[in-house]
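Q: I have a structure in front of me and would like to learn how to read it, one feature at a time. Could we begin with how helices pack, and then move on to a single residue and to the chain as a whole?

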Amino acid sequence: MKSKTSIKITVESISQKMIAPCGMNCCLCIGYLREKEKCNGCNESDENKPQYCTTCIIKNCEEIKKSDIHFCYTCSKYPCKRLKNLDKRYKTKYEMSMLENLQYIKEKGIESFIEKEKERWKCSVCGYILSVHRKACIYCASEKI
Ligand SMILES: [Zn+2]
């Protein structure tokens with residue numbers, strides 16, 4: 001029987017191009033960590049993107065499209081209602097905050113943020129990456145600490 005997760009992802013996959021304008025770290029998404037129809041993140045093409053991402057109002061934001069905005073905090077409308085709603089949903093459901101991520105990037109820079117994320121999302125038991133969308137490690141099933 002083929003294992004569901006034969007390719008294991010480490011926190012070393014976390015890089016600048018995997019951080020979406022909203023502050024989401026796409027490496028932590030189950031759409032990226034799955035093997036079948038793997039999504040390559042918000043900054044890449046729509047191929048294999050989960051439907052909730054292709055229709056994401058932030059990804060499709062006209063402000064982001066028409067300018068060279070890398071992160072939402074550079075927008076004149078920041079933080080807009082839709083970003084606040086997304087942040088609220090993730091804080092409640094997944095204990096992760098886009099607004100905190102963006103604040104950190106704004107203050108300390110993207111490199112520092114990436115280093116922090118590599119520590120935060122590394123499974124302390126097996127050493128592979130944790131998914132923000134799952135309560136336990138998808139590789140060794142250990143509870144997130
Ligand atoms: Zn693990």
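Q: At what angle do helix α5 and helix α6 pack?

A: Helices here are DSSP runs of H or I with at least four residues, and strands are runs of E with at least two, numbered from the N terminus. Axes are lines fitted to C-alpha atoms, for helices over the stretch in contact, and angles run from 0 to 180 degrees between N-to-C directions. In this predicted model, helix α5 (residues 98-108) and helix α6 (residues 110-120) pack at about 130 degrees, with their axes 7 Å apart. Angles under 35 degrees count as roughly parallel, over 145 as roughly antiparallel, 65 to 115 as roughly perpendicular and the rest as oblique, and α5 and α6 are therefore oblique to each other.

Q: Which residues make the contact between α5 and α6?

A: Two residues are in contact if their C-beta atoms, placed from the backbone, lie within 7 Å. From α5 the contact takes N101, Y104, I105 and K108, and from α6 it takes I110, S112 and F113.

Q: Is M24 buried or exposed?

A: A residue is buried if 20 or more other C-beta atoms lie within 10 Å of its own, exposed if 12 or fewer, and partly exposed in between. M24, in the segment before α1 (30-33), has 25 other C-beta atoms within 10 Å and is therefore buried. Leaving aside neighbours within four places in sequence, M24 is in contact with C42 and M98. The C-alpha atoms of M24 and D87 are separated by 9.5 Å, although these residues are 63 apart along the chain.

Q: How many helices and strands does the chain have, and what share of its residues is buried?

A: The chain has six helices and zero strands, and 30% of its 145 residues count as buried. Among contacts between residues at least 6 apart in sequence, 48% join residues at least 24 apart. Along its principal axes the C-alpha trace spans about 50 × 30 × 25 Å.

Q: Which elements have the lowest and the highest mean pLDDT?

A: The term pLDDT is the predictor's confidence in each residue, from 0 to 100. The chain averages 91, and 97% of the residues score at least 70; among its elements, helix α2 (residues 51-54) has the lowest mean, 79, and α6 the highest, 98. Where pLDDT is low, the predicted coordinates should not be read in detail. Local features need pLDDT of at least 70 and side-chain atom pairs count only at pLDDT 80 or more, while totals for chains, interfaces and linings use all residues. Residues are numbered from 1 along each chain as its sequence is written.
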